[in-house]
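Trainee: I am new to this structure and would like a close look at a single part of it, the side chains that gather around aromatic rings. Could you take me through that part slowly, and then set it in its surroundings?

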Amino acid sequence: MDFALSEEHRMVQQMVRDFAQKEVAPIIKEQDRKQEMAAFILPRMGELGILGVCFPMRYGGQGMDYIALGLVCEELEAVDSSLRVVMSVHVGLNSMGLLQWGTEEQKQRLLAPQARGEKVACFGLTESGAGSDVAAIASTARWDGDVYILNGEKMWISLATKAHHALVVARTNLKAADPHEGLSAFLVDLSLPGVTTGDIHGKLGVRAGSTGWLAFQDVRVPVENRIGEEGEGFKIAMSCLDNGRYTVGAGAVGLIRASLEASVRYAHERKAFGREIGKFQLIQQKIARMVQSYEAGRLLYLRAGWMKNQGLRNTRETSLAKWFATDASFEAASEAIQVHGAYGYSDEYEVERYLRNSKGAIIYEGTSEIHQLMQAGYALGYREDAPLRCELPAYDAEFWQAE
Amino acid sequence: MKIVVCVKQVPDSAAKVVVEDGKVSWGDAPLVINPWDEFAVEAALLQKEAQDGEVIALSLGGESAKDALKHALAMGCNEAILVSDPTLAAADSQAVAKVLSAAIKKIGDVDAVFFGRQAIDGDMGVTAAQTGRVLGWPVLSLVSVINSLDPSAHTVRVGRATEEGRQVVESSLPAVLSVGKDIAEPRYPSFMGIRKASRAEIPIWSLADLGIPAPAVQVHWPEIFSPPAREVVTELITGGSPEEIAEKLADKILAEKVL
Amino acid sequence: MSNKIWIYIDHFKGQAHPTAWEVMGAGLGLAEKLGGGVTALVLGQESQSLAALALQYGASEAFYADDATLADYRPEPYAALLASLSKQHTPEVILFPTTTRGRELAAMLAVDVQSGVMPDVTALDVQDGKVVATRPVYAGKLLSKVTCDSLPQIVTTRTRAFAVAQPDPARSGTVSKAEPAMAESAIPSKVVEYAVTSGGVSLSDAAVIVSGGRGVANNPTLTPPAGLDEKAAEIWRAQQGFKLVGDLAQVMGGAMGASRAAVDAGYIPYENQVGQTGKVVSPDLYVAAGISGAIQHLAGMRTSKMIVAINKDPEAPIFKLARFGVVGDLYAILPPLTEALRKKLGK
């Protein structure tokens, strides 16, 4: 078992770290205060290939593997969660869903422009009345013999006002015996008539990001844009979450690292009672715990990424990585603020932003509560993953890198 | 068009550098490509993009120097070559210049050699000028803009940064250039470049391959030490009037030779 | 020429570079240890008058060369001429200033005469008749002793590291003319044009920074123009204060900085902010006026070589880091300080 990162992985990590540190870190505080996503971020991430990092080159991607995706997310979130949120919705939830469930034609037509960064993608699952309870989704997509007529509203959608495409889950069969089986997935072009979007402000965290709502009024979605079969919407959404969660877990590890590095720095700088505060045991305890969380979280997400590379079903392992790292990142940020004392309470330093950002990840992509139910379900034998009609393709360097 | 870019592997600028047992140590801080060399690579790549050609990264060092070369490859250089020989461990700048020149001659048909303005370990800032001199090629240092580089007409026109301002100089090719920060913002390695670089087999040339004997070394560093720790002894300046205080303070400041 | 020690006078169109007399000072210091006098070398436009000036500054002889091929500085003809003179007269030490021209000339000369170059030296010693130079490495984190086995030992001296020689018009010596060593046809470069710039100093690169803090607005004796509300009056006062900060910065050739408090209060734009959330700077001289020295500001400037603090509050934390401090009103201290420095720097 080789725990070392390959040279390729290390170079990917360094490149994204340099980009985030040089171009985003200097302006992030201001953007967070303004509650606005800086205009250059999406085009720049597209330009650098980050938005297509783990997709085959034949689908417009950069040909890297799923571990590279995790490393990218760790580096981005170490600067700000809003950067990683872009990866979560554009890459994890939407594009990887297309990679897994799309037809060849759909991958060329819909995935490739997203992987190239030409089109920005988001994920439309959650509604104001349906979060954890996906089966309660009320949006409908009625087949009129020619097209699907989409109606409904999606809420808490990251990049709602910035995206060109949304992967929307809506009810196609209102009469299904099991409501889970009445859902279907669609790749909706947000420029279609009947689509309106808006921003949501006033969030506790990820304020330098873009969160909003999507509203559909009689939007005519062609059948070519239905992803998978009718009735597969729930399964598709769940497998999209397997990928979104992976990016969240990896990102949260980056957040823990950021809290740790800030705390170590401050512990050396700040003096109290005649010595640097790093000498005090209770400060040391906080730092030791951050180290533990960071290393454990990192191994969990890398393992999940490795399983994706192998083509192994990883719903359980990804859920575990996400749950562990997000809870730990909240704790780490809270303790980082404590290390900084009153300065940690002010936005003079970064750590208060880490705390506010970390809370969101405990809620989205499966609340920590949902993950606990999942883990117990697996352990108690109440839950088993049945094979899917379409699985996430295993990483194959030759296939990924052929143009 | 063929440009050679000389790069060096150095300790990261944020590293805590100390002297242990008379030797320099940077703990486990990473080794990186000399930051100034990234500007040189970028300048060369821009030329390559403007007029079709190749850029070859060249380094003199140990095995770890391959990382600097891989970074250059990942940015987009076509090829990388490492010159390594145990006898070069204590090489001075003249010896380095001789070795680099031999390698550049061996590469052959080179139109220009680019350097970063200095390496952040030795901070010498002389290798470009000396390599040019050994080659017998014109030296254009501290280039802030390349107005034109024409291999077929054998001319190059650049803007150089001097103390007084900007000097525009025209020179024949082949030539040696060293570049500063103004030349262009270095690009990040691309993902494709990263893949290419990590798979690249970098040839290693020894002095025997270059056909030259080990150059004599005349400059030595007999001792390396930490600067004396500055105990900050605060001196409060007082006086009968603000003018008197100001006069005293001005004298003190000037005596410290910081202006 | 019998002097062992040669110095190169760097200049631009006849104006000696400020380092010229520092190099002379370094050369005179070495001459005391190695014996003999100092020979000055000047090439290019107005070199004859500069050579005569060098005698006043302490050279016992001077060489100049001035013709069309040397009118504009170009490294090839200059290095070739220096090499030919060096081979002819075999000096033991040749000193250059570490300027853009000085460094490359020294480097190229070393190759031509098959000797070694020791650039950017901060101290010069003599042991057993040989020069032992000290130079900073790793961005000044460490120092290195350097020696050169062969002659001439070629050195470039770091700016402000050596005592400046003082002129004495009573001094005399010999001035001789040298002929260029390269024909124009052999010189591969041409200077097309010069653009003399007098740009502002960027905060990140500045060797000298004068920063103002919230105390800059604190001058109740100033009467703001009529019609300003309280906040606008406060900002107006702060701007008067920052003018004083800027004047001092300008006379020292430095940049202007500010604390976060001053920026947050609207006294000065964010790009001047020094500190945890602004720029981290490491100048040779940092003057903090009306800045208390809270930890987040210190994080941005604590590695400055020398810190001078001016603050009304004797308990201000900044005084712990300052080499020199004045407990006083910056409005009272800055103007006479600026004037005193202006006079002493000859500006």
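**Aromatic rings and their surroundings**

Mentor: A good place to begin is Arg58(A), which lies over the face of Phe399(A) at 3.7 Å from the ring centre; please keep in mind throughout that this is a predicted model. The ring of Phe399(A) does not stand alone, since Tyr66(A), Tyr395(A), Phe399(A) and Trp400(A) form one aromatic cluster. A charge over a ring also occurs in chain B, where Lys106(B) lies over the face of Trp205(B), at 5.0 Å from the ring centre.

Turning from charges to pairs of rings, the structure holds 15 aromatic pairs over all chains. One of them is formed by Phe19(A) and Tyr188(B), whose ring centres are 6.2 Å apart and whose planes meet at 85°, an edge-to-face arrangement. Because Phe19(A) belongs to helix α1 (residues 7-34) of chain A, while Tyr188(B) sits in the loop between β12 (175-179) and α5 (191-199) of chain B, this pair joins two chains. Phe19(A) is buried, with a relative accessible area of 0%, and Tyr188(B), at 10% relative accessibility, also counts as buried.

A pair within chain C can be read in a similar way: the rings of Phe12(C) and Tyr194(C) have centres 4.9 Å apart and planes at 80°, and since planes over 60 degrees apart count as edge-to-face, the pair is edge-to-face. Here the two partners come from distant parts of the chain, with Phe12(C) in strand β2 (residues 11-12) and Tyr194(C) in strand β13 (residues 189-196), 182 residues apart. Phe12(C) is buried, at a relative accessible area of 15%, whereas Tyr194(C) has a relative accessibility of 24% and therefore counts as partly exposed.

As for the surroundings in chain C, seven strands form an open sheet with parallel pairing, in the order β7-β11-β6-β1-β4-β5-β12. The edges are taken by β7 (117-121) and β12 (174-177) of chain C, each of which has a single partner strand, so one side of each is left without a neighbour in the sheet. On average, and with direction ignored, neighbouring strands of this sheet are turned by 20° against each other. At one edge, β7(C) pairs with strand β11 (residues 153-157) of chain C in the parallel sense over three bridges, and Val121(C) stands opposite Thr157(C) in β11(C). Helix α4 (residues 100-112) of chain C packs on the sheet, where it touches β1 (5-8), β6 (93-97), β7 and β11 of chain C, and its direction makes about 150° with that of β6(C).

Returning to chain A, where we began, there are 11 helices and 10 strands in this chain. Its radius of gyration is 21 Å, close to the 22 Å that the globule rule gives for 403 residues, so chain A is as compact as a globular protein of that length. Along the principal axes, the C-alpha atoms of chain A fill a box of roughly 80 × 45 × 45 Å. Buried residues make up 59% of the 403 residues in chain A, and among its contacts between residues at least 6 apart in sequence, 76% join residues at least 24 apart.

How values were computed
Residues are numbered from 1 along each chain as its sequence is written. Chains are lettered from A and ligands numbered from 1 in the order in which they are written. This is a predicted model: local features need pLDDT of at least 70, side-chain atom pairs count only at pLDDT 80 or more; totals for chains, interfaces and linings use all residues. Side-chain values use heavy atoms; hydrogens and water are left out. Rings of Phe, Tyr and Trp (its six-membered ring) pair if their centres lie within 6.5 Å; planes under 30 degrees apart count as stacked, over 60 as edge-to-face and the rest as tilted. Helices (H or I, at least four residues) and strands (E, at least two) are DSSP runs, numbered from the N terminus. Buried means under 20% relative accessible area, exposed over 50%, partly exposed in between (1.4 Å probe, protein chains only). A charge sits over a ring if NZ of Lys or CZ of Arg is within 6 Å of the ring centre and within 35 degrees of the ring normal. Two strands pair if DSSP finds at least two bridges between them. Axes are lines fitted to C-alpha atoms, for helices over the stretch in contact, and angles run from 0 to 180 degrees between N-to-C directions. Contact means heavy atoms within 4.5 Å. The radius of gyration is taken over C-alpha atoms; the globule rule is 2.2 Å times the number of residues to the power 0.38.
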